[in-house]
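Open the model in your viewer and get ready to select a few residues at a time. We will walk from strand to strand, then look at a pocket and some charged pairs.

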Amino acid sequence: MANRETGSVHAIDIRSRTLTATVKVGRDAAHLALDTAANTVYVANREDHTISMIDTTSNTVVATVDVGGKPQGIAVDPRTQNVYVTDSERETVIVLAGRR
């Protein structure tokens, strides 16, 4: 779950309904996408103009990519693992090659 106010992502154990981790990402982190094959969550940090990549096995940020503009909507193609990000400032779609 993304927390826009704190610029973090919260991992929640759905069975026990408890918070298991909080990962600091970037400002205005509101949208995220999960790539289950790569154990990665991608987070659009709108005000930092970045995408954070979180390794879900360690709950750590493994990379941050500056994409410029204002990244907002984000999705992963499970077949190619490419990441698609809408840029609300430039009205474009950014494509990132997925992790393999």
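Start with strands E9 and E10, where strands are DSSP runs of at least two residues labelled E, helices are H or I runs of at least four residues, and both are numbered from the N terminus. In E10, the residue bridged to Val83 is Leu96. Before going further, keep in mind that this is a predicted model, in which local features need pLDDT of at least 70 and side-chain atom pairs count only at pLDDT 80 or more, while totals for chains, interfaces and linings use all residues. Residues are numbered from 1 along each chain as its sequence is written, and side-chain values use heavy atoms, with hydrogens and water left out.

**Stop 1: strand E9 and its neighbours**

Select residues 83-87, which make up strand E9. Which side chains point to the buried face? Val83, Val85 and Asp87 do, whereas Tyr84 and Thr86 point to the other face and are not buried. Here buried means under 20% relative accessible area, exposed means over 50%, and partly exposed lies in between (1.4 Å probe, protein chains only).

Now add residues 71-76, strand E8, which runs antiparallel to E9 and is joined to it by four bridges. Two strands count as paired if DSSP finds at least two bridges between them. Val76 has Val83 as its bridge partner in E9. Six residues lie between E8 and E9 in their hairpin, and Gln81 in the turn has a positive phi of about 65°.

Next, bring in residues 92-96, strand E10, which is antiparallel to E9 and joined to it by five bridges. The hairpin of E9 and E10 has four residues between the strands, and there Glu91 takes a positive phi near 55°.

Pause at Val95, which is found in E10. Val95 is partly exposed, with a relative accessible area of 47%. Draw a distance from its C-alpha atom to that of Val85: the two residues are 10 apart along the chain, and these atoms are separated by 6.5 Å. Leaving aside residues up to four places away in sequence, Val95 touches Asn82, Val83 and Tyr84, a contact being heavy atoms within 4.5 Å.

**Stop 2: strand E5, covered on both sides**

Select residues 40-45, strand E5. Six of its six residues are buried, so E5 is largely enclosed by the rest of the structure. Turn the view to see both faces: Thr40, Tyr42 and Ala44 lie on one side, with Val41, Val43 and Asn45 on the other.

E5 pairs with E4 in the antiparallel sense over six bridges. Look for His31, whose bridge partner in E5 is Ala44. Four residues separate the strands in the hairpin of E4 and E5, where Asn39 takes a positive phi near 50°.

E5 also pairs with strand E6 (residues 50-55), antiparallel and over six bridges. Ala44 appears again here, with Ile51 as its bridge partner in E6. In the hairpin of E5 and E6, with four residues between the strands, His49 has a positive phi near 65°.

**Stop 3: the largest pocket**

Show Val9, Ala11, Leu34, Val41 and Thr56, which lie nearest the centre of the largest pocket among its 15 lining residues. E2 gives the largest share of the lining, four residues. The lining divides into 10 nonpolar, five polar and no charged residues.

**Stop 4: salt bridges**

How many salt bridges are there? The count comes to four, a salt bridge being a side-chain nitrogen of Lys or Arg within 4 Å of a carboxyl oxygen of Asp or Glu.

Select Arg4 and Asp28, whose closest N and O atoms are 2.4 Å apart in a salt bridge. Arg4 lies in the loop between E1 and E2 and Asp28 in the loop between E3 and E4, so the pair ties together parts that are 24 residues apart in sequence. Arg4 is partly exposed at 45% relative accessibility, while Asp28 is buried at 15%.

Move on to Glu47 and Lys70, which meet in a salt bridge at 3.2 Å, N to O. Glu47 is partly exposed at 28%, and Lys70 is buried at 16%.

Finish back on E9 with Asp87, whose side chain meets that of Arg90 in a salt bridge at 2.5 Å, N to O. Asp87 is buried at 2% relative accessibility, and Arg90 is partly exposed at 43%.

Key: On a 1 Å grid over the protein atoms alone, a cavity is a set of points where a 1.4 Å probe fits but cannot get out, and a pocket is an open set with protein on both sides within 12 Å along at least five of seven lines; lining residues have an atom within 4 Å of a point. Ala, Val, Leu, Ile, Met, Phe, Trp, Tyr, Cys and Pro count as nonpolar, Asp, Glu, Lys and Arg as charged, and the others, Gly among them, as polar.
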